[in-house]
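User: I would like to understand how the descriptions of a protein model are justified. Could we go through them step by step?

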Amino acid sequence: MRTVKFGIIGCGLMGREFASAAARWCHLSDIDVKPEIVAVCDTSDKILKWYTDNFQSIKQVTSDYKQLLANADVEAVYIAVPHNLHAELYCAAIKAGKHLLGEKPFGIDKPANDTIMDCIKKHPNVFVRCSSESLFFPAMQKIGKMLENNAFGHILEVNSGFLHSSDLDFTKPINWKRMLKLNGEYGCMGDLGMHACHMPFRAGWLPKNVSAILSKIVKERPDGKGGMAPCETWDNATLFCLTEDTSSKVQFPMTIKTQRIAPGNKNTWYFEVLGTKASARWSSKQINTVEILEYTGGEQAWQVIDMGHEMAYKSITGGIFEAGFSDSILQMWAAFLYEIHHGKPISKFAGCVTPDEAALSHKLFTAALKSEKEKSTVCL
Ligand SMILES: NC(=O)c1ccc[n+]([C@@H]2O[C@H](COP(=O)([O-])OP(=O)(O)OC[C@H]3O[C@@H](n4cnc5c(N)ncnc54)[C@H](O)[C@@H]3O)[C@@H](O)[C@H]2O)c1
């Protein structure tokens, strides 16, 4: 078993998810590489206590990411910080020779992403991936296998999205994800979009153009100090894309929806592909259920299939038991470590977002901003 020693930079919500996944690595039954968290870095000391209380393996605790990157014991880093810091911290990690799983959107905007991409090109020996756990739910894995087997025939339409609803509460105080300078002009697309693009991009479906409808719904929110702060970012985005399947050259409509104000959707991933031979759809609202329609003539009937625990990276959980968010996070981390060790993911649809896929999302979101501004369809 190879051990990869990790540092975490940015120990908030997502930093803890990784640490917790590392703590239950024994849940994976058939993997020959594991992470060990040896260093943590956050500018807020309070947040670090949970780590030092729970992980005896941690030898370095710092508020300065440069110190963590100078630690020769650290082989790889997970960086989960606000978007305005992605370019600076990701490039520093890559230049320090640390393998990197960086959080989406992988740069606050396209120029920041271009900087990260240039840095990756100059350091080909560093393994770099972007985070998105959306592909690792069993239903998405099943749809991925169907795609590998060309089960859908001629693709007619694809709909992919990620929906939140807590911002429907207009009294919810503002946080950095609603601020232009920390979250970026993409707004909800930067925050939620990579998750919705992961499967289509991995399938080789490339948007040729985009017509975007972006909505700013909430103009200001409580600032948490008794006053009000302006809400500057896009709340909801619907992107209509003419999309091409790179292998068959078939073109079809694809809709990518990212919304922070989608009533009733606490945290809903969904994906639907309609084809001439088969169609499939899944929503994390019915996390265990995938619907499939196979057409060979005759009646067109949707089958409802219970997925159970059919994971890309085998685990100790019995096959009949349903999966959840933290399982998808564990699977994403298994994919990252497996690929560091073996040079490729266990299968096409069981790999983390590549830098090229993240760069494509920036091309799409930047074109969507232009489309909104010019009220036109923009070519990519
Ligand atoms: N994959 C997912 O499902 C998912 C979910 C939520 C957020 N994210 C992404 O994760 C990243 C972080 O989001 P979060 O929700 O964990 O945010 P968060 O606010 O909970 O955590 C960010 C942490 O970064 C720390 N930080 C800020 N500046 C720092 C610096 N210079 N050095 C070290 N630490 C610093 C903050 O103190 C904070 O603890 C973002 O890119 C976000 O888009 C991904």
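Analyst: What follows is a short set of questions and answers about this model, which is predicted.

User: How do you know that β8 and β11 pair?

Analyst: Two strands count as paired if there are at least two bridges between them, and strand β8 (residues 205–215) and strand β11 (residues 236–245) are joined in the antiparallel sense over 10 bridges, so the pairing meets that cut-off. Within this pairing, Leu206 stands opposite Glu244 of β11.

User: What makes β17 a partner of β8?

Analyst: The cut-off is at least two bridges, and two bridges join β8 to β17 (residues 378–379), with the strands running antiparallel, so this pair also qualifies. Here the bridge partner of Asn209 is Cys379 in β17.

User: Why is the span of helix α10 called close to the expected one?

Analyst: The expected span is 1.5 Å times one less than the number of residues; for the 20 residues of α10 (residues 355–374) this gives 28 Å, while the helix reaches 29 Å from its first C-alpha to its last, and therefore the two are close.

User: What makes Leu364 of α10 buried, and what covers the buried residues of this helix?

Analyst: A residue is called buried if 20 or more other C-beta atoms lie within 10 Å of its own, and the residues of α10 that are buried include Leu364, Phe365 and Leu369. The cover over the buried residues of α10 includes α5, β6 and α8, together with β8, β11 and β17.

How values were computed. Residues numbered from 1 in each chain as written. Predicted model: local features only at pLDDT ≥ 70, side-chain atom pairs only at ≥ 80, totals over all residues. Helix = DSSP H or I, 4+ residues; strand = E, 2+ residues; numbered from the N terminus. Buried ≥ 20, exposed ≤ 12 C-beta atoms within 10 Å, placed from the backbone. Contact = placed C-beta atoms within 7 Å.
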